[in-house]
Structures are given as C-alpha cells and as structure tokens.
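Visitor: Please take a close look at one helical part of this model. I should like to know how it is placed within the chain and what surrounds it.

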Amino acid sequence: MSETPTTGKKGVAGKKPKATTTTGGRGKKSTNSTSRSFRAGLQFPVGRIHRQLREGRYAARIGAGAPVYLAAVLEYLAAEILELAGNASRDNKKVRIVPRHIQLAIRNDEELNKLLSDVTIASGGVIPNIHSVLLPKKSAKGGKEGGSQEF
C-alpha cells in the first residue's frame with residue numbers, strides 16, 4: 001500500500017478514501033439535520049421548550065411529545081392574540097400593534113379574557129365602558145325639561 005499524495009493516508013494508489021459520515025453503518029448518510037420545529041411544522045422552538053421543561057424541574061422525566069404539544073399550543077395562542085390585535089389596530093387606523101391593541105383584543109374576546117383575567121398589560125389602558133345608570137335619562141316627551149345639561 002502506498003500513501004496518496006493528496007491526503008497522506010494509506011490506501012489504494014490513485015483512489016480517495018471514503019468519507020465517514022454514515023450513521024453507524026446503517027441508513028442514509030446524515031447530510032442535513034432538521035429541527036423538531038420543522039418536523040412538527042411549527043414556528044415556536046421545540047428544542048428550547050424541551051430544554052426549559054427539563055431545567056425547570058417540572059417533572060423528573062419529560063417525554064418527547066410534550067414539548068411539541070406545548071409549542072403548538074403556545075403558537076396557537078400567540079397567533080390568535082396577534083390576529084385579534086391586528087384587527088384592533090386596523091379598526092383604530094394604525095399599522096403598528098401597540099399594547100393598547102393587545103389589551104382591546106384580549107378583553108373583547110370572551111375566552112381569552114377568561115384565560116388572562118389576572119393579567120395586567122402594561123400601557124394597555126382600560127376597556128371603554130360607562131355604566132347605564134350614569135348615562136342621562138332620555139325623556140319620554142319631545143320638549144325640554146328642567147335639566148341643566150343637554151346631550
């Protein structure tokens with residue numbers, strides 16, 4: 001056996017040694033790695049959520065499907081809130097979503113309001129609401145009464 005001039009490794013003269021990028025001799029060569037988020041068709045990071053579940057010590061063992069499921073749920077909630085906040089910003093003739101629009105989106109949706117009832121959104125403001133008792137009474141007659149204010 002002679003050394004090849006390009007690699008310096010011993011082998012058959014004139015032939016390059018084979019690349020050793022196989023996975024233990026079985027299956028295809030691993031050329032590209034795909035993330036678990038890509039495999040699940042998600043935007044949220046499955047690997048990061050899995051790591052945080054492990055480091056958070058929520059349980060002694062974390063299954064492989066748990067971070068995928070949690071990432072899917074979080075992505076759905078984020079998409080729902082962003083869609084409603086985008087509608088609220090369009091209603092206010094704005095192009096940028098600000099905390100006020102997120103507040104309006106959450107508080108006007110019954111299920112999201114129940115889920116996030118204990119949450120305070122900074123710079124969110126309050127939902128415009130005037131109690132019906134405080135509104136001026138409408139007179140049955142068409143003429144003026146002795147009221148000091150007119151609306």
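Guide: The account below begins with the chain as a whole and then turns to helix H3 and its surroundings.
This is a predicted model, in which local features need pLDDT of at least 70 and side-chain atom pairs count only at pLDDT 80 or more, while totals for chains, interfaces and linings use all residues. Residues are numbered from 1 along each chain as its sequence is written, and side-chain values use heavy atoms, with hydrogens and water left out.

The protein chain contains five helices and two strands, where helices (H or I, at least four residues) and strands (E, at least two) are DSSP runs numbered from the N terminus. Along the sequence they follow the pattern β-β-α-α-α-α-α. Of the 151 residues in the protein chain, 17% are buried; buried means under 20% relative accessible area, exposed over 50%, and partly exposed in between (1.4 Å probe, protein chains only). The exposed surface comes to about 13,200 Å², of which carbon and sulfur atoms supply 54%; these areas come from the Shrake-Rupley method with a 1.4 Å probe, and for residues only the protein chains shown count as cover.

Helix H3 covers residues 66-91, 26 residues in total. From its first C-alpha to its last it reaches 38 Å, close to the expected 38 Å at 1.5 Å a residue, the expected span being 1.5 Å times one less than the number of residues. The buried residues of H3 include Pro 67, Glu 75, Ile 81 and Gly 86. The buried residues of H3 pack against H1, H2, helix H4 (99-108) and helix H5 (110-115), contact meaning heavy atoms within 4.5 Å. After H3 comes Lys 93, whose phi is positive, near 60°.

Two of these partners deserve detail. Helix H1 (residues 36-40) holds Ser 37, which counts as buried because its relative accessibility is 11%. The side chain of Ser 37 reaches the backbone nitrogen of Val 46 at 2.9 Å. Leaving aside neighbours within four places in sequence, Ser 37 is in contact with Leu 42, Phe 44, Pro 45 and Val 46.

Helix H2 (residues 46-55) contains both Glu 55 and Arg 51, four residues apart, about one turn of the helix. Their side chains meet in a salt bridge at 3.8 Å, N to O; the rule asks for a side-chain nitrogen of Lys or Arg within 4 Å of a carboxyl oxygen of Asp or Glu. By this rule the count is one salt bridge. Glu 55 is exposed because its relative accessible area is 57%, whereas Arg 51, at 36%, counts as partly exposed.

Note on methods:
A polar contact is a pair of N or O atoms within 3.5 Å; within protein, one must be able to donate a hydrogen and the other to accept it, and residues adjacent in sequence count only if both atoms are side-chain atoms.
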